[in-house]
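Trainee: I have a protein model open on my screen and I'm not sure how to read it. Could you walk me through some features?

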Amino acid sequence: MTTTDMDFGPALNGVLDTVDRWQEQGHYPLFPVISEPLGTRARLADGRMVTVFGSCDYLGLSRHPAVVGGAVEAIERFGTHCYGTQPVGGYTELHQSLEHSLAEFFGKPATALFPTGMQANIGVLTTLAGPADAVLSDQLNHGSITMGGRLSGARLLTFRHNDLDDLAVKLTEAADARRRIIVVDGLFSADGDFAPLAGIADLADRHKALLIVDEAHAGGTVGPRGRGVAELLGVLDRVDVVTGTMSKAFASTGGFACGSHRAMRLVRHSAGAYLLSLGLAPATVGASLAAVHVATAEGASLRARTAANAKALRERLQEAGVNIGASAAHVVLVHIGRIDDAARIATRLLENGLLVNPLFPPAVPIGGARLRIGVTSAHSEAEIAAAADALVSALAS
Ligand SMILES: Cc1ncc(COP(=O)(O)O)c(C=O)c1O
């Protein structure tokens with residue numbers, strides 16, 4: 001047997017059948033090949049220009065001279081590579097500075113840097129939770145949280161999206177667990193709404209639970225200082241661990257966890273997701289470090305622009321009767337339903353010069369396929385108006 005003719009079983013064969021069907025029908029929107037990324041515009045390999053509304057570069061920092069300069073200087077000083085994993089050579093002065101800058105940015109005592117935000121969630125959950133514990137996870141949390149909860153061996157209790165009553169029921173069910181750990185996205189990538197963190201923090205207190213908030217989409221962009229939804233809602237000091245990524249507002253790659261010195265020391269000495277990958281490349285860390293400094297110095301005006309642009313797009317779509325569900329910020333979700341419709345509409349949009357992210361199960365519930373639109377500070381009014389028009393006409397076709 002080879003993998004060419006192997007039967008992968010119904011679920012995975014179904015994935016391959018779907019890809020074949022979309023390709024045969026000319027409705028395959030994935031893996032557009034980018035040849036020239038130019039901020040909010042990009043050239044595809046076939047020469048077409050598209051406007052990018054599928055990016056998480058929410059503060060428009062990927063071309064910021066200081067951020068590009070940070071990457072270049074890091075390569076010049078440290079080369080392209082690290083000696084090893086972080087404990088054994090893959091931890092430079094740059095890594096250390098980034099940890100300190102992130103701890104300060106998010107107002108927590110300590111930080112652990114991970115290769116990706118996905119690994120940060122997995123690393124934190126597998127460290128703080130074990131088989132005797134219960135992880136209480138919102139049903140729309142990012143897949144890396146679900147994965148971390150499963151890998152931890154803890155009882156994984158999923159509560160209905162943003163439903164405090166259901167969370168309270170699940171916490172009571174978990175009363176016999178050694179530890180209860182509540183984990184939520186701050187700004188949900190699949191629904192574009194905020195977690196009700198004040199109510200969640202109250203429940204965490206009442207049930208003596210730890211609280212982890214993944215601020216991947218809100219870090220840098222939400223809250224008076226960009227510290228995320230927990231800051232916006234005034235509960236940052238009640239959050240035990242903030243996780244996040246450098247791959248969105250900070251326009252780089254890498255993940256992080258911010259929390260107490262003790263918890264971060266434990267993560268840095270025991271989490272497989274931390275210890276089993278090489279330290280982040282110097283260029284990446286240099287860009288991230290510069291991005292955190294820019295997000296501190298220039299963040300307030302950039303955040304205001306992102307928020308105003310997002311509001312303008314949401315209003316245009318709502319006025320045209322487009323279903324954007326609970327979208328409340330710069331992550332705007334257009335709800336479609338069937339995966340084939342989402343694939344067809346995303347392909348049509350790409351043909352008409354608009355790049356957006358189609359989301360399919362398991363990232364969203366079955367029957368809940370949608371388009372995710374990332375609004376940034378760099379989009380112009382004209383680009384927002386054109387994107388809204390393109391979406392409205394693609395949805396009508
Ligand atoms: C909510 C959330 N958490 C974590 C991640 C993972 O971040 P990274 O791209 O750094 O792996 C993502 C997506 O990228 C996300 O949307």
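Trainee: Let's start with a single residue: how does glutamate 36 count in terms of relative accessibility, buried or exposed or something in between?

Mentor: One thing before that: this is a predicted model. Now, your residue. Buried means under 20% relative accessible area and exposed means over 50%. Glutamate 36 has 33% relative accessibility, so the residue counts as partly exposed.

Trainee: Which residue does glutamate 36 form a salt bridge with?

Mentor: Here's the general idea: side chains of opposite charge can pair when their charged atoms come close. In this model, glutamate 36 pairs with arginine 43, and their closest N and O atoms are 3.0 Å apart. Arginine 43 is partly exposed too, at 31% relative accessibility.

Trainee: How many salt bridges does the rule count?

Mentor: The count comes to 17 salt bridges. One of them joins glutamate 93 and arginine 77, with the closest N and O atoms 2.7 Å apart. That pair links distant parts of the chain: glutamate 93 sits in helix H3 (residues 93-105) and arginine 77 in helix H2 (residues 65-78), 16 residues apart. Both glutamate 93 and arginine 77 are exposed. You can also find salt bridges linked up as a network, made by Asp133, Arg178 and Arg179.

Trainee: Now the bigger picture. Into which domains is the chain divided?

Mentor: Domain 1 covers 24-53 + 299-396, and domain 2 covers 65-297. Their centres, taken over C-alpha atoms, are 26 Å apart. Domain 1 puts 16 residues into the contact, and domain 2 puts in 21 residues.

Trainee: What area do domain 1 and domain 2 bury between them?

Mentor: The size of an interface is often given as the accessible area lost when the parts come together. Here, domain 1 and domain 2 bury about 1300 Å² between them, with 54% of that on carbon and sulfur atoms. On the domain 1 side, Arg303, His330 and Val331 lose the most area to domain 2, together 39% of what that side buries. The rule also finds one salt bridge across this interface.

Trainee: What about the backbone? Which residue in the loop between strand S6 and helix H6 should I look at?

Mentor: Most residues other than glycine have a negative phi, and most peptide bonds are trans. Asparagine 162, in the loop between strand S6 (155-159) and helix H6 (164-173), has a positive phi of about 55 degrees although it is not a glycine. With 23% relative accessibility, asparagine 162 counts as partly exposed. Then try lysine 208, in the loop between helix H7 (197-206) and strand S8 (209-214). Lysine 208 has a positive phi of about 50 degrees, and at 69% relative accessibility this lysine counts as exposed.

Trainee: And where is the cis peptide bond?

Mentor: Go to the bond from proline 361 to proline 362, which is cis, with omega near 10 degrees. Proline 362 is placed in the loop between strand S13 (357-359) and strand S14 (369-374).

Trainee: Last one: which residues make the nonpolar surface patch?

Mentor: Look for Met1, Met6, Phe8, Leu12, Val15 and Leu16, which make a patch of about 610 Å². Leucine 16 belongs to helix H1 (residues 10-25). Patch residues need over 30% relative accessible area, and leucine 16 has 45%, which makes it partly exposed.

Conventions. Residues numbered from 1 in each chain as written. Predicted model: local features only at pLDDT ≥ 70, side-chain atom pairs only at ≥ 80, totals over all residues. Heavy atoms only, no water. Patch = residues over 30% accessible without salt bridge, like charges linked within 9 Å, V, L, I, M, F, W, Y side chains within 5 Å. Areas by Shrake-Rupley, 256 points an atom, 1.4 Å probe, with all protein chains shown as cover. Salt bridge = Lys/Arg side-chain N within 4 Å of Asp/Glu carboxyl O. Helix = DSSP H or I, 4+ residues; strand = E, 2+ residues; numbered from the N terminus. Buried < 20%, exposed > 50% of the residue type's maximum accessible area, 1.4 Å probe, protein only. Domains from an automatic or database assignment. Contact = heavy atoms within 4.5 Å. Buried area = accessible area lost by both parts, 1.4 Å probe.
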